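Please open the structure in a viewer and keep the sequence panel visible. The tour below proceeds by successive selections.

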Amino acid sequence: MRVGFWQNGCLSLLVAAIAAMVLSAGYARAEGGPILIRDLSVSPPIETLVSAEQIAALETQTIVTRTEFTDGEPRFDGPLMTDVLKLAGNRGWTTARMIAANDYSIEIPVSDFISYGVIVAHSMNGKRLSRRDKGPYWLMYPLDRFAELRDPVYNNRLIWQLVTIELR
């Protein structure tokens, strides 16, 4: 039996709608998305996909700090960047290139993560970060805790919508 154009079109729309619902339900359940960690210090490079569940399972730290992107002194919660990197191993990396969903990228010395207790914030003021408010992950420094972090260099390192980390 031959299916007419209208019937075939409706079936395609129905399948697309169901797929979108399934994917969005999984995304909401994960409360974020994965972060791809690429270890470029070895050949061939090793890729580790860190899930939202793995990130959520890490111990949460809090940073209360002002930024030029927020009002007041918001509270940021999330795991230490060093704990996130441990999920991909520990091979003595010195540089991390952080890449956002919009392809913005910035290179950061790995020593910053250790020296300043940088976190991968998943929440601000107790609310999960969405893409609309710089989420699901926003790299956060304790800017108010260290005088040297008031330099614009560190402001540029507050990368949001973090999706990929490349390590060397």
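Among contacts in the chain between residues at least 6 apart in sequence, what percentage join residues at least 24 apart? The value is 60%. The model is a predicted one, so confidence is a suitable starting point for the tour.

**Whole chain, coloured by pLDDT.** The average pLDDT over the chain is 86, and 82% of the residues score at least 70. Next, select residues 1–30, where pLDDT stays under 50. For this stretch the model has seven contacts beyond four places in sequence. Where pLDDT is low, the predicted coordinates should not be read in detail. Hiding the stretch for the remaining steps is convenient.

**Whole chain, cartoon and surface.** The cartoon displays five helices and eleven strands. Of the 168 residues, 39% count as buried. With the surface switched on, the accessible area comes to about 9700 Å², and carbon and sulfur atoms account for 56% of that area.

**The five-stranded sheet.** Select strands 2, 1, 11, 5 and 6, which in that order form an open sheet with mixed pairing. Strand 2 and strand 6 (105–109) occupy the edges; each has a single partner strand, and therefore one side of each lacks a neighbour in the sheet. From one strand to the next, the twist averages 20 degrees.

**Strands 1 and 2.** Begin at one edge by selecting residues 35–39 (strand 1) and residues 46–50 (strand 2). These two strands run antiparallel and are joined by five bridges. One pair to label is Ile37 and its bridge partner in strand 2, Thr48. The connection between strand 1 and strand 2 is a hairpin of six residues.

**Strands 11 and 5.** Move to residues 162–167 (strand 11) and residues 95–100 (strand 5), an antiparallel pair with five bridges. Opposite Ala96 lies Leu167 of strand 11. Further along, Ile99 has Thr164 of strand 11 as its bridge partner.

**Strands 5 and 6.** Keep strand 5 selected and add strand 6; the two run antiparallel, again with five bridges. Which residue of strand 6 stands opposite Met98? Label Ile106 to see the pair. In the hairpin of these strands, four residues lie between strand 5 and strand 6. Select Asp103 there: this residue takes a positive phi near 75 degrees.

**A last view.** Show side chains on the sheet and rotate the view edge-on. In a regular strand the side chains alternate between the two faces of the sheet. Strand 5 offers a suitable place to look, with Ala96 opposite Leu167 and Met98 opposite Ile106.

Technical notes. Residues numbered from 1 in each chain as written. Predicted model: local features only at pLDDT ≥ 70, side-chain atom pairs only at ≥ 80, totals over all residues. Heavy atoms only, no water. Buried < 20%, exposed > 50% of the residue type's maximum accessible area, 1.4 Å probe, protein only. Contact = heavy atoms within 4.5 Å. Areas by Shrake-Rupley, 256 points an atom, 1.4 Å probe, with all protein chains shown as cover. Pairing = 2+ DSSP bridges. Axes fitted to C-alpha atoms, helices over the stretch in contact; angles between N-to-C directions. pLDDT = per-residue confidence, 0-100.
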